[in-house]
Amino acid sequence: MSIYLRKAAGWHFGGVSMEENREGHGLAESKILSIWMILFVALVLLPSMFRVSLGISHFYVNIVIKILEWATLQIEEGVKKQKEDSFPHAGIIQRDETPMEEEIAGRCQGCFSLADVMYFSKKGCEAVAEDEVTRRFSSEELVSWNLLSRTNANLHRVSWQLTVVWVIGILIRYCLLLPFRVCLSVFSILLLVLASMVVGQFPNGRVKGWLSNQVQMICATLGVRCLSGLVHFHNRENRPQQGGICVANHTSPLDVLILVSDGCYSLVGQAHGGLIGLIQKSCMRTGRHVVFERSEMKDRHLVRKKIREHIADKAKLPILIFPEGTCINNTSVMMFKKGSFEVGGTIHPVAIKYDPRFGDAFWNSTKHSMMTYTFNLLTSWAVVCNVWYLPPMVQEEEEDAVHFANRVKAAIAARGGMSVLPWDGGLKRKKVKESFKEEQQKKYCQIVIENGSVGNGNVC
């Protein structure tokens with residue numbers, strides 16, 4: 001009997017102890033949650049509200065740089081056959097950059113030569129193998145591996161030390177950084193949507209405008225920190241002023257996020273759906289943006305009219321435009337559409353250059369969906385870029401819109417260390433215009449005429 005009483009008492013006390021253990025676990029979990037909330041507010045939310053840096057991103061990026069430098073040395077030691085200068089230029093063909101005038105005119109003077117056909121055939125084969133335009137629509141080639149599987153899946157086998165670091169990097173990016181970044185991204189989007197709904201109820205005026213600007217800049221700063229972003233802004237005294245037009249090279253939707261984190265803009269662009277559409281509609285509730293439907297984008301006169309009306313009001317925010325009209329891989333600046341330069345006003349050029357070592361910021365919309373692109377960003381090391389505010393530029397007398405656009409494009413490319421290409425970024429989805437073909441034909445005809453072969457009947 002005493003044995004049964006002891007067992008019952010043991011069960012009773014055991015039951016009490018189990019309840020106490022549950023209460024203890026609950027208190028411990030609440031303490032951990034409260035600690036995480038305090039850290040989030042102190043280290044993320046408050047610095048984003050006041051737009052100050054605690055140096056955490058700098059410290060993290062410096063560590064990643066040291067790791068990547070060590071990995072580069074490991075690769076160079078393990079793969080003796082691969083030299084550093086062979087990474088970016090390991091092509092099939094060696095291009096000859098001799099202009100058409102020198103190569104054709106110098107081959108046969110004073111007559112038409114059937115060998116001229118070989119020049120165009122050679123250029124055609126070069127274009128089929130790898131042309132200078134199509135490669136601008138794919139990810140930038142890296143000089144050395146950045147320990148991401150999507151850039152090179154074989155180099156991690158060079159040495160066991162490199163394999164260990166590569167695996168640890170995967171665990172850090174997917175198990176530690178990814179959950180935090182996803183939670184912060186969701187919080188940023190919810191904050192933007194809810195805050196925009198509240199601010200949108202205010203009457204139009206200075207208070208609403210100030211609140212709207214603060215909401216957008218805080219959410220943009222949070223968005224940059226979602227990606228462990230480190231942005232270096234240069235020459236802030238040249239930041240776009242109200243009533244002006246800000247033009248920049250275009251690499252990805254991140255361009256808008258980065259620029260808005262340092263100042264507010266009225267955006268010009270096409271109406272989107274999905275996640276971008278949700279963010280776009282939230283911004284439209286509080287700000288004065290110029291958004292077009294796909295059918296309206298074909299009406300250039302309507303686009304110019306809306307932009308001209310916007311910049312006529314000097315109290316409105318500067319308008320942000322990406323004249324390339326599509327995303328380029330940040331190695332070059334392609335043709336600027338002249339429409340942005342026909343409306344008058346002051347142009348404020350901005351050059352944006354990303355560091356590809358930490359992740360690929362380029363969005364290849366023909367290959368990756370928005371969700372895939374976002375996932376790749378969230379699982380990258382970081383987003384590191386430089387932003388240069390260039391001095392304002394105005395159209396000179398007797399300068400048409402095309403030459404003005406080319407002058408602004410050249411200034412942006414020179415400051416960002418990118419090449420200048422005359423091609424239209426629309427070639428990503430369209431065929432080459434007939435005018436480009438006719439230009440080459442006219443150039444060749446001019447060479448033949450100047451050599452005197454036409455009219456003399458000379459054929460070589």
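## Aromatic pairs

The structure holds 5 aromatic pairs. In one of them, the rings of Phe341 and Phe404 have centres 5.5 Å apart and planes at 80°, so this pair is edge-to-face. Phe341 sits in the loop between E6 and strand E7 (347–354), while Phe404 belongs to helix H12 (residues 401–416). That makes it a link between distant parts of the chain, with the two residues 63 apart. Keep in mind throughout that this is a predicted model.

Buried or exposed, where do Phe341 and Phe404 fall? Both of these residues are buried. They also have company: Phe336, Phe341 and Phe404 form one aromatic cluster.

## A charge over a ring

Aromatic rings show up in another kind of contact here, this time with a charged side chain. Arg173 lies over the face of Trp381, at 5.3 Å from the ring centre.

## Salt bridges

How many salt bridges are there? The count comes to 6. One of them brings together the side chains of Lys338 and Glu342, with an N to O distance of 3.9 Å. Lys338 is partly exposed, at a relative accessible area of 36%, and Glu342 is partly exposed too, at 30%.

Asp355 and Arg357 make another salt bridge, and here the closest N and O atoms are 2.7 Å apart. The two partners sit on opposite sides of the burial cut-off: Asp355 has a relative accessible area of 19%, so it counts as buried, whereas Arg357 is partly exposed at 37%. The cut-off in play is 20%, with buried meaning under that value.

Then there's Glu396 with Arg407, whose closest N and O atoms are 4.0 Å apart. This pair links distant parts of the chain: Glu396 is in the loop between strand E8 (384–389) and H12, and Arg407 is in helix H12, 11 residues apart. Glu396 is partly exposed at 48% relative accessibility, and Arg407 is partly exposed at 27%. Elsewhere, salt bridges that share partners tie Arg236, Arg239 and Asp262 into one network.

## A nonpolar patch on the surface

Which residues form the nonpolar patch on the surface? They are Ile32, Ile35, Trp36, Leu39, Leu43, Leu54 and Ile56. Together they have about 690 Å² of accessible area.

Helix H1 (residues 2–50) supplies the largest share of the patch, with 5 residues. Take Leu43 as a sample member: Leu43 is found in helix H1 and counts as partly exposed, with 39% relative accessibility.

## Two positive phi values

Most residues other than glycine have a negative phi. Two residues here have positive values. Ser228 isn't a glycine, yet its phi is positive, at about 55°. Glu398, also a residue other than glycine, has a positive phi near 60°.

Where do they sit? Ser228 is in the loop between helix H6 (206–226) and strand E1 (230–234), and Glu398 is in the loop between E8 and H12. Their surroundings contrast, though: Ser228 counts as buried at 14% relative accessibility, while Glu398 counts as exposed at 88%. The loop that holds Glu398 is also where Glu396, the salt-bridge partner of Arg407, is found.

## Asn329 and Thr374

Asn329 is another loop residue, placed between strand E5 (319–321) and strand E6 (332–333). Asn329 is buried, with a relative accessible area of 3%. What does the side chain of Asn329 make a polar contact with? The partner is the side chain of Thr331, at 2.6 Å.

Thr374, by contrast with that loop position, is found in helix H11 (residues 370–378). Thr374 is partly exposed, and its relative accessible area is 23%. If you want a backbone distance to check, the C-alpha atoms of Thr374 and Ala361 are separated by 9.8 Å. Along the chain, Thr374 and Ala361 are 13 residues apart.

Notes: Residues numbered from 1 in each chain as written. Predicted model: local features only at pLDDT ≥ 70, side-chain atom pairs only at ≥ 80, totals over all residues. Heavy atoms only, no water. Helix = DSSP H or I, 4+ residues; strand = E, 2+ residues; numbered from the N terminus. Buried < 20%, exposed > 50% of the residue type's maximum accessible area, 1.4 Å probe, protein only. Polar contact = N/O pair within 3.5 Å; in protein donor to acceptor, adjacent residues only side chain to side chain. Patch = residues over 30% accessible without salt bridge, like charges linked within 9 Å, V, L, I, M, F, W, Y side chains within 5 Å. Areas by Shrake-Rupley, 256 points an atom, 1.4 Å probe, with all protein chains shown as cover. Phe/Tyr/Trp six-rings, centres within 6.5 Å; stacked < 30°, edge-to-face > 60°. Lys NZ or Arg CZ within 6 Å of the ring centre and 35° of its normal.
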